[in-house]
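Please study the structure shown below before attempting the exercises. Each task is followed by a worked solution.

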Amino acid sequence: MTSPTTDWHAHYEASAAAWERWAEALAAQQEKINAALLDEADIGTGHAVLDLASGVGEPALQAARRVGPTGRVVATDVSARMLEALQSRARGAGLTNVEIRATAMERLPFDDGSFDAVTCRYGLMYATDIGAVARECLRVLRPGGRLAALVWGAEDANTTLFVAGRALQRLFPGRITDDEMTAPLRYATPGLLAGIFTAAGAVQVRERELAMSPRIRKGTPFWRPLIEMNMGEIWNTLDAAQRAQAAQAIEAALEARVEGDQYVLRTAMRLVTAQRAD
């Protein structure tokens, strides 16, 4: 199974500055989700961990704290700019057990059995060949090693980004492609990603949904970092008047999500875990 035509390498190189700008705030918001992912990968002190599509550092930095100085985390991404930001954040946090490697997921430059665990948060949707990624993950795991991956669930269960994104798509026709909107949903269908890892030879494959209903005070531009990071190509071309127009359109679209003085949002992810056979 291959990805559509969007150049995700170029996309994330261009948006790296926005990801770095919002990194600390979003890391705090994602701490519990990161912890669930690391728990499923059974990561502990002294482990060697490979994190795929690490971006500017999550969950790689949280994994580095968990494995401690006797362990190590190798953070990977196709975007060198993202990894530079990750390395800077690791130094700032005093983490000396983090390595970075710019590489695609489909062909990993590591020996067989190099890692106790492999993790990936919100990255597998952008693989150009998901079957190859699954096989590579299993290859670099030690026998009995575990993988844990998070992908987005269905669009109607993920209002935090998609309400804002669809509002921009309607406001500026042709500026945001359907591929950009739907790529994050590529493995939203229950059982689809689990089936891919099973076909690649994984054992103990499980999949479950993580769902949350965050409440945010009405009028809070919670959508701004999400748009800057994921749709920066359009946002960065807008002048002040157009940004004000965009904000109005997004707030209007969010009216259907208002209860009292709060937005009631939805977030749903699919968490897949798998193991390399002994």
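The exercises that follow concern a predicted model.

**Exercise 1.** Determine which strands pair with strand 5, and in which sense.

*Solution.* Begin with strand 4 (residues 115-121): six bridges link this strand to strand 5 in the parallel sense. One of the positions involved is Cys120, whose bridge partner in strand 5 is Ala149. Next, consider strand 10 (residues 267-275), which runs antiparallel to strand 5 and is joined to it by seven bridges. Here Ala149 stands opposite Val272. Finally, consider the connection: helix 6 (residues 130-140), together with strand 4 and strand 5, makes a right-handed β-α-β unit.

**Exercise 2.** Explain why strand 5 is described as largely enclosed by the rest of the structure.

*Solution.* Strand 5 covers residues 141-152, twelve residues in total. Ten of the twelve are buried, so the strand is largely enclosed.

**Exercise 3.** Decide whether Thr76 is buried or exposed, and identify its contacts.

*Solution.* First, locate the residue: Thr76 lies in strand 2 (residues 72-77). Its relative accessible area is 1%. The cut-off for a buried residue is under 20%, so Thr76 is buried. Beyond its neighbours within four places in sequence, Thr76 is in contact with several residues, including Leu50, Asp51, Arg101 and Phe110.

**Exercise 4.** Identify the edge strands of the open sheet with the order 7-9-8.

*Solution.* The three strands of this sheet pair in the antiparallel sense. Strand 7 (215-217) and strand 8 (258-259) each have a single partner strand, so one side of each lacks a neighbour in the sheet, and these two stand at the edges. Strand 7 is joined by three bridges to strand 9 (residues 262-264), where Gln262 is the bridge partner of Arg217.

Technical notes: Residues are numbered from 1 along each chain as its sequence is written. This is a predicted model: local features need pLDDT of at least 70, side-chain atom pairs count only at pLDDT 80 or more; totals for chains, interfaces and linings use all residues. Side-chain values use heavy atoms; hydrogens and water are left out. Buried means under 20% relative accessible area, exposed over 50%, partly exposed in between (1.4 Å probe, protein chains only). Helices (H or I, at least four residues) and strands (E, at least two) are DSSP runs, numbered from the N terminus. Two strands pair if DSSP finds at least two bridges between them. A crossover is right-handed if, with the strands pointing away from the viewer, the path from the first strand over the helix to the second runs clockwise. Contact means heavy atoms within 4.5 Å.
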